[in-house]
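Q: Could you take me through one part of this fold in close detail? I'd enjoy a connected tour of how two neighbouring pieces meet.

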Amino acid sequence: MNHEQALFPICPPVPGDKLPVRLMTHSGNSAPGDTTKSQPLFSILSPVYNSSAFVKRSYYTLKSQTFTDWEWVVVDDGSTDNTAELVESISDPRIRLIRYSPNRGRGNARHVALEASRGEWIVIWDIDDMYFPDRLEKINEARVAGDDFACSYAVVVDNDLAVKGVRGFHPRSPGLPRYFVHPTLACRTEVARRIGYDPAFRIGEDAPITWGLDDNYRGRYIEEALAIYQEEREISLGKAIDSKTAHLAQMRKLYRQGMVRTGALGRFVLLAKWELKLAVLKLMRIAPELYRQTLKFRSYGALREGWRLSPQRTAFLEQIRSGSWRA
């Protein structure tokens, strides 16, 4: 076993689980492991749950990409609406739909998507977010240059798609490496499988791969906004408490495995700060409406000095907002 394998053991499947039922959208699609089709460079991964409102919009931003060598692996995590039917209705042989029931949470869905991937790289493509047309092209530049992963800035929008700000990169701090927002991630498939998504985590499943890359692999931090992050769709105090609890558990696990390189003091400071934040969140249960007032103080990370969203990206975002893409 080499050093990378020791640090990043492949996440096991759920005990006793079987490969979910597969429904392919077209007869030209291939099942996982089928070698009759050439391997795509990118596997675009989208776990979905009751996401019918976002399927067509997400596919629009995918088919608008200037780089076209991809497969779209959609994992329907026990939806009770017509999400799967909408995916099946799209006429594109690059789409692969995997569905199962009942709902098992995002950790399991991401794990299944990753294991089913055939591409050289995986690309996170969360169904409720949107992506600018050159995202895959920029990621491919990182791949060709020999990088192990790539990430970018993300424009943050509210539920009306009005711009709230831009998420940049969080610099190294006591207890944490440099990191990024997970929906902007693309990564060598081999590396992603070493880190994996733990099926046991219904929320916070992205913490190991978000925090475990910078200290151990070569990454490209793209100082451009390649993603449009719809932040407020599921904001709630309960979700914030669950997320912070999961992140604490994940960070302790990363420290034990040696995946984040930091001193004992840095670890203590970070965990103490997060425990305090969790305690404050739990106190807010007395007046849950206070939680939304704290969002204005959320850290979005650092941007390059003088950075601006380009007119072309602004126009694309306006096209999405106006709904003209449906025409």
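A: Happily! In this predicted model, helices α8 and α9 cross with a left-handed sense. Helix α8 covers residues 237–257 and α9 covers residues 264–283; their axes come within 10 Å, at a crossing angle of roughly 160°. Because angles over 145 degrees count as roughly antiparallel, α8 is roughly antiparallel to α9.

Which residues of α8 and α9 make the contact? From α8 come L237, A240, I241, K244, T245, H247, L248, M251, R252 and Y255. Facing them from α9 are R267, L270, L271, W274, E275, K277, L278, L281 and K282. Sorted by class, the contact of α8 with α9 holds 11 nonpolar residues, along with 6 charged and 2 polar ones.

Since you like detail, a few loops deserve a look as well. T184 sits in the loop between β8 (163–167) and β9 (186–188). With a relative accessibility of 3%, T184 is buried, and a polar atom of its side chain lies 2.9 Å from the backbone oxygen of V181. Beyond its sequence neighbours up to four places away, T184 touches R135, A150, C151, S152, Y153, A154 and A227.

Now for the backbone. Most residues other than glycine have a negative phi, and most peptide bonds are trans. L161, in the loop between β7 (149–157) and β8, has a positive phi near 65° and is buried at 7% relative accessible area. N50 also has a positive phi, near 45°, but is partly exposed at 29% relative accessibility. Finally, S101 and P102 are joined by a cis peptide bond with omega about 5°, and P102 lies in the loop between β4 (95–100) and α4 (106–116).

Conventions: Residues are numbered from 1 along each chain as its sequence is written. This is a predicted model: local features need pLDDT of at least 70, side-chain atom pairs count only at pLDDT 80 or more; totals for chains, interfaces and linings use all residues. Side-chain values use heavy atoms; hydrogens and water are left out. Helices (H or I, at least four residues) and strands (E, at least two) are DSSP runs, numbered from the N terminus. Buried means under 20% relative accessible area, exposed over 50%, partly exposed in between (1.4 Å probe, protein chains only). A polar contact is a pair of N or O atoms within 3.5 Å; within protein, one must be able to donate a hydrogen and the other to accept it, and residues adjacent in sequence count only if both atoms are side-chain atoms. Contact means heavy atoms within 4.5 Å. Axes are lines fitted to C-alpha atoms, for helices over the stretch in contact, and angles run from 0 to 180 degrees between N-to-C directions. Angles under 35 degrees count as roughly parallel, over 145 as roughly antiparallel, 65 to 115 as roughly perpendicular and the rest as oblique. A crossing is left-handed if the near helix is turned anticlockwise from the far one by less than a right angle, and right-handed if clockwise. Ala, Val, Leu, Ile, Met, Phe, Trp, Tyr, Cys and Pro count as nonpolar, Asp, Glu, Lys and Arg as charged, and the others, Gly among them, as polar.
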